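Open the model in your viewer and keep the selection panel within reach. The tour below goes stop by stop.

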Amino acid sequence: MQVLDSSAFIHEYHTTDDIASIPMVREELEGEASYRYDADEGSGMHVHIPAAGTVEKIQRAARETGDSDTLSETDVRLLAAAFELDATLVTDDYAMQNVADHVDVAVKIIAREGISEKREWTFQCQGCGREFEENRDRCPICGTELARKNPA
């Protein structure tokens, strides 16, 4: 089974595998892409709503990888659906790929190259320059906002 992100409908992705998605993806689509979602749903696409516990697991994983501020609620729920269905996630989103790798969800890329390495982001204070492994709203030392920093 494959769980389809918005990009699958936008790029007219086709597969012979069983497919699934979530209602929030339909809300993101416009024009022909929304018609493709509707057509796939009418043709038997499984529309899945992941359990709250699985959504929390994905949110926790996203915090661990440093991708939580980058992922939308739709992204989190798509990852949760793919996790629950033991399915391959079809997406071009790099942050989703990173979290999927962290929770052992297979990913299929459509239009871009996939991620080449898994990253554990760090966060740096824009004021005093201190680095932290976890994201916070503000630096506990000087109170300035933190920015995600490439760990490489």
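What follows is a walk through sheets, helices, cores and a few single residues. Keep in mind that this is a predicted model.

**Stop 1: the parallel sheet**

Start with the strands. Select β1 to β5: these 5 strands form an open sheet with parallel pairing. Read across it and the order is β3-β2-β1-β4-β5. Now go to the edges. They are β3, at residues 46-47, and β5, at residues 107-108, and each of them pairs on one side only.

Move inward to β1 and β2. The two run parallel and are joined by 2 bridges. Show Gln 2, and you will find Ile 19 of β2 opposite.

**Stop 2: helix α5**

Next, select α5. The helix lies across β1, β2, β3 and β4. Against β1, its direction is at about 170 degrees. The helix has 13 residues. From first C-alpha to last, α5 reaches 18 Å, close to the 18 Å expected at 1.5 Å a residue.

Which residues of α5 are buried? Colour Thr 74, Asp 75, Val 76, Leu 78, Leu 79, Ala 80, Ala 81 and Ala 82. Then look at what covers them: β1, β2, α2, α4, β4 and α6 are included.

Stay in α5 and pick Glu 73. With a relative accessible area of 34%, Glu 73 is partly exposed. Beyond its neighbours within four places in sequence, Glu 73 is in contact with Met 24, Val 55 and Gln 59. Draw a distance from Glu 73 to Gln 59. The C-alpha atoms are 9.3 Å apart, and the two residues are 14 apart in sequence.

**Stop 3: the largest nonpolar core**

Now show side chains. The largest nonpolar core has 33 residues. Select Val 3, Phe 9, Leu 71, Leu 79 and Leu 89, which touch the most other members. Widen the selection to the elements that give two or more residues to this core: β1, α1, β2, α3, α4, α5, β4 and α6. The largest share comes from α5, with 6 residues.

Centre on Leu 79. What does Leu 79 contact, leaving aside neighbours within four places in sequence? Its partners are Ile 58, Leu 71, Leu 89, Met 96, Val 99 and Ala 100.

In soluble globular proteins, nonpolar side chains tend to be buried together.

**Stop 4: the aromatic pair**

How many aromatic pairs does a search of the whole structure find? The search gives 1. Select Phe 9 and Tyr 37: their ring centres are 5.2 Å apart. The ring planes stand at 55 degrees, so the pair is tilted. Phe 9 sits in helix α1 and Tyr 37 in helix α3, 28 residues apart, and the pair thus links distant parts of the chain. Both Phe 9 and Tyr 37 are buried.

**Stop 5: a buried aspartate**

Go to the loop between α4 and α5 and pick Asp 67. Is Asp 67 buried or exposed? Its relative accessibility is 2%, so Asp 67 counts as buried. Show its surroundings. Not counting residues up to four places away in sequence, Asp 67 touches Ala 62, Ala 95, Asn 98, Val 99, Trp 121 and Arg 148.

**Stop 6: two positive phi angles**

Jump to the loop between α5 and β4 and select Asp 86. This residue comes just after α5. Asp 86 is not a glycine, yet its phi is positive, at about 50 degrees. With 71% relative accessibility, Asp 86 counts as exposed.

Then find Asp 104, in the loop between α6 and β5. Its phi is near 60 degrees, again a positive value in a residue other than glycine. Asp 104 is exposed, at a relative accessible area of 73%.

**Stop 7: the antiparallel sheet**

Finish at β6, β7 and β8. These 3 strands form an open sheet in the order β7-β6-β8, with antiparallel pairing. The edge strands are β7, residues 131-132, and β8, residues 146-149. Between β6, residues 122-125, and β8 there are 4 bridges. Select Thr 122 and look across to Lys 149 in β8, its bridge partner.

One last selection: Phe 123, Cys 125, Phe 132 and Leu 146. They are among the 6 residues of a second core, separate from the largest one.

Methods: Residues are numbered from 1 along each chain as its sequence is written. This is a predicted model: local features need pLDDT of at least 70, side-chain atom pairs count only at pLDDT 80 or more; totals for chains, interfaces and linings use all residues. Side-chain values use heavy atoms; hydrogens and water are left out. A nonpolar core is a set of buried Ala, Val, Leu, Ile, Met, Phe, Trp, Tyr and Cys residues joined through side-chain atoms within 4.5 Å. Buried means under 20% relative accessible area, exposed over 50%, partly exposed in between (1.4 Å probe, protein chains only). Contact means heavy atoms within 4.5 Å. The expected span of a helix is 1.5 Å times one less than its number of residues. Rings of Phe, Tyr and Trp (its six-membered ring) pair if their centres lie within 6.5 Å; planes under 30 degrees apart count as stacked, over 60 as edge-to-face and the rest as tilted. Two strands pair if DSSP finds at least two bridges between them. Axes are lines fitted to C-alpha atoms, for helices over the stretch in contact, and angles run from 0 to 180 degrees between N-to-C directions.
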